[in-house]
Amino acid sequence: MNYYALTDIGKVRNKNQDQATVIANVKDQVIAIVCDGMGGHRAGEIASRVVMDQFVNCFDSIPPFDNVDELKKWVNETIYEADAIVKRMAKQNVEHHGMGTTIVVAILMDNVIYISHVGDSRAYVLKNDQLMQLTKDHTLVNALVDRGAISEEEAVNHSQKNVLTQAIGADTELTPSFIELEFADSLLLLCSDGLYNCLNDEIIKEILKKNIKVSQKVTELIDLANENGGRDNIGVAIIDNREEK
């Protein structure tokens with residue numbers, strides 16, 4: 001198993017509000033996280049860092065998980081704790097008002113991957129050379145599609161495609177997802193919208209299929225997103241549970 005994470009400021013933004021990391025504990029349970037912050041005056045950068053640090057510090061300080069119920073409870077509680085921390089910090093500093101962040105987090109335990117997300121940072125899995133998006137963006141446009149108000153084709157270029165219906169720190173009710181997937185001979189990609197808004201699924205799949213190191217896959221995805229405009233910060237994390245590269 002191999003893993004790697006990296007963020008990049010992109011070609012347009014003047015600060016990087018994305019965070020990404022992958023770490024393992026003593027029982028080789030692996031956690032991967034990507035956060036995409038929002039808000040001015042460095043607020044988005046602070047929100048995403050606070051949330052990522054909350055997950056990493058908690059993961060480092062608790063014993064390894066014994067079962068899925070324990071894991072699910074921890075992920076859910078940590079999301080809500082992070083939300084409370086960000087909201088408290090925003091109240092304490094006027095420059096941090098309105099700050100928030102997306103999160104997509106994945107934990108690998110016993111060849112099963114468990115994923116939760118809030119917002120529009122995504123999880124994909126590559127298996128048998130097929131790429132599948134696992135998460136569904138928490139956006140206004142997706143809500144409109146679900147209600148039948150617009151079609152999926154209309155959603156692609158909709159003027160409000162980036163409006164979130166959920167984010168950590170925002171004044172919205174949180175309903176984090178929880179996805180469970182067999183992960184033998186599979187690769188997981190977590191990313192912020194800075195990646196998938198610049199690269200289509202076919203291009204992402206072709207890079208992930210390459211017989212190169214995981215770190216090279218991550219940097220190649222980021223480099224190509226920048227070549228295609230780099231219109232936002234780019235956060236990428238990969239866990240490759242296939243044969244050693």
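These are my notebook entries on the cores, cysteines, salt bridges and one sheet of this structure. I am working from a predicted model.

**Entry 1: the largest core**

I began with the largest nonpolar core, which has 32 residues. I asked which members touch the most others. They are Ile31, Ile33, Val51, Phe55, Trp74 and Ile103. Next I looked up the elements behind this core. Strands S3 (30-38), S4 (100-109) and S5 (112-118) each supply at least two residues, as do helices H1 (43-61) and H2 (68-92). H1 gives the most, with 10 residues.

I then took Ile103 and left aside its neighbours within four places in sequence. Its contacts include Ile33, Val51 and Phe55. Val34, Cys35, Ser116, His117, Val118 and Ile168 are also in contact with Ile103.

I noted a second, separate core as well, and it has 21 residues. Leu187, Tyr196, Ile207 and Val214 are among its members.

**Entry 2: cysteines**

How many disulfides does a search of the whole structure find? It finds zero. I checked two cysteines one by one.

Cys58 is in no disulfide. The nearest cysteine sulfur belongs to Cys35 and is 13 Å away. A disulfide needs the two sulfur atoms within 2.5 Å, so this pair does not qualify. Cys58 counts as buried, at 17% relative accessibility.

Cys191 is also in no disulfide. For this residue the nearest cysteine sulfur is that of Cys198, 11 Å away. Cys191 is buried, with a relative accessible area of 0%.

**Entry 3: salt bridges**

I found 10 salt bridges in the structure. I followed three of them.

The first on my list joins the side chains of Lys73 and Glu77, at 2.7 Å from N to O. Both residues sit in helix H2, four residues apart, so about one helical turn separates them. Is Lys73 buried or exposed? Lys73 is exposed, with a relative accessible area of 51%. Glu77 counts as partly exposed, at 35%.

Next I looked at Glu202 and Lys205. Their closest N and O atoms are 3.6 Å apart. Both lie in helix H6 (residues 201-209), three residues apart, which is about one turn of the helix. Glu202 is partly exposed, at 44% relative accessible area, whereas Lys205 counts as buried, at 13%.

Then I turned to Asp240 and Arg242. Their side chains meet in a salt bridge of 2.9 Å, N to O. Asp240 and Arg242 are both buried.

**Entry 4: the open sheet**

I traced an open sheet of five strands. The order is S1-S10-S9-S6-S7, and the pairing is antiparallel. Which are the edge strands? They are S1 (2-8) and S7 (130-133), each pairing on one side only. On average, neighbouring strands are turned by 15 degrees against each other, direction ignored.

Inside the sheet I checked S9 (residues 187-191) against S10 (residues 234-240). They pair in the antiparallel sense over five bridges. Leu187 has Asp240 as its bridge partner in S10. I had already met both residues: Leu187 is in the second core, and Asp240 is in a salt bridge with Arg242.

**Entry 5: helices on the sheet**

I finished with two helices. H6 lies across S6 (122-127), S7, S9 and S10. H6 runs at about 125 degrees to S7. Helix H7 (residues 214-227) packs on the sheet and touches S1, S9 and S10. The direction of H7 makes about 155 degrees with that of S10.

Terms used: Residues are numbered from 1 along each chain as its sequence is written. This is a predicted model: local features need pLDDT of at least 70, side-chain atom pairs count only at pLDDT 80 or more; totals for chains, interfaces and linings use all residues. Side-chain values use heavy atoms; hydrogens and water are left out. A nonpolar core is a set of buried Ala, Val, Leu, Ile, Met, Phe, Trp, Tyr and Cys residues joined through side-chain atoms within 4.5 Å. Buried means under 20% relative accessible area, exposed over 50%, partly exposed in between (1.4 Å probe, protein chains only). Contact means heavy atoms within 4.5 Å. A salt bridge is a side-chain nitrogen of Lys or Arg within 4 Å of a carboxyl oxygen of Asp or Glu. Two strands pair if DSSP finds at least two bridges between them. Axes are lines fitted to C-alpha atoms, for helices over the stretch in contact, and angles run from 0 to 180 degrees between N-to-C directions.
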